[in-house]
Amino acid sequence: MCSDSSSLAPCLVQVITEAVAPHRIISVSKGWQSLCGFSREEVLGSTLGILQGPYTELDAIEALMTAVRHNEPVTVQLTNYTKCGEKFVHHLSAEPLYDPSGIIKCFQATSLVLQSPGEARCTVSRHRFTANT
């Protein structure tokens, strides 16, 4: 059964991935779980490809992955899908996180949800962001 995402205030969710490809998920916020309909246990070890679907923008995925390969922060607007196949739109900002010696330990991705599954729940600009490459 899909989770009710109506309680997503202020519509921010977060996921942490491994530092190296294929960037498997190592942590997700409760908001991410509520939005996407997956439990933490279901997604640990998976990649974020589980959220892609027919309207996921391939150019945004390429911009995201190019920035990640270069260890650079990036923000993209992206269409993804819940476990039940419902579409949502978000601004995803990803950045590397470093340990005290300067080694990248993981990537943190924070999303501002623009349109939750079924309807828009946040009122924000629809400006499209691109990678800073």
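This report walks through the fold, core, pocket and a few backbone oddities of a predicted model.

## Overall layout

The chain has three helices and five strands. Reading from the N terminus, the order of elements is β-β-α-α-α-β-β-β, so to speak a run of helices with strands on either side in sequence.

Of the 133 residues in the chain, 42% are buried. As for contacts with a separation of 6 or more, 47% of them involve residues 24 or more positions apart.

## The nonpolar core

Let's turn to the inside. The largest nonpolar core is made of 27 residues, and Trp 32 and Cys 36 have the most contacts within it. At least two core residues come from each of these elements: strands S1 (12-18), S2 (25-28), S3 (74-81), S4 (87-98) and S5 (104-115), plus helices H1 (30-36) and H3 (58-69). H3 gives the largest share, with five residues.

Who does Trp 32 touch, once neighbours within four places in sequence are set aside? The list is Val 13, Gln 14, Val 15, Gly 37, Phe 38, Val 43, Leu 48 and Leu 51.

## Cysteines

How many disulfides does the structure hold? The count is zero. Cys 36, the core residue mentioned above, has a relative accessible area of 1%, so it counts as buried. Cys 106 has a relative accessible area of 11%, which is under the 20% cut-off, and therefore it is buried too.

## The S1–S2 hairpin

S1 and S2 pair up antiparallel, with three bridges between them. One of the residues involved is Thr 17, whose bridge partner in S2 is Ile 25. The two strands make a hairpin, and six residues sit between them.

That loop is worth a look. Pro 22 belongs to the loop between S1 and S2, and a cis peptide bond links Ala 21 to Pro 22, with omega at about 10°. His 23 is in this loop as well. Its phi is positive, about 60°, even though His 23 is not a glycine. Is His 23 buried or exposed? Its relative accessible area is 13%, under the 20% limit, so His 23 is buried.

## Two other loop residues

Asn 71 also has a positive phi, near 55°, and is a residue other than glycine. Its place is the loop between H3 and S3. With 36% relative accessibility, Asn 71 falls between the 20% and 50% cut-offs, so it counts as partly exposed.

Ser 39 is in the loop that runs between H1 and helix H2 (40-43). At 25% relative accessibility, Ser 39 is likewise in the partly exposed class, because that value lies between 20% and 50%. Ser 39 and Val 28 are eleven residues apart in sequence, and their C-alpha atoms are 8.8 Å apart in space.

## The largest pocket

The largest pocket holds about 420 Å³ of space. Its lining has 27 residues, and the closest to the pocket centre are Thr 17, Leu 48, Leu 64, Met 65 and Leu 92. Two of these names have come up already: Thr 17 is the bridge partner of Ile 25, and Leu 48 is in contact with Trp 32.

Which elements each supply at least two residues of the lining? They are S1, H1, H3, S3, S4 and S5. Each of these elements also supplies at least two residues of the largest nonpolar core.

Conventions:
Residues numbered from 1 in each chain as written. Predicted model: local features only at pLDDT ≥ 70, side-chain atom pairs only at ≥ 80, totals over all residues. Heavy atoms only, no water. Core = buried A, V, L, I, M, F, W, Y, C linked by side-chain atoms within 4.5 Å. Buried < 20%, exposed > 50% of the residue type's maximum accessible area, 1.4 Å probe, protein only. Helix = DSSP H or I, 4+ residues; strand = E, 2+ residues; numbered from the N terminus. Contact = heavy atoms within 4.5 Å. Pairing = 2+ DSSP bridges. Disulfide = S-S within 2.5 Å. 1 Å grid on protein atoms, 1.4 Å probe; cavity = no way out; pocket = protein on both sides within 12 Å on 5 of 7 lines; lining within 4 Å. Points joined across faces, edges and corners; volume = space filled by probe spheres on them.
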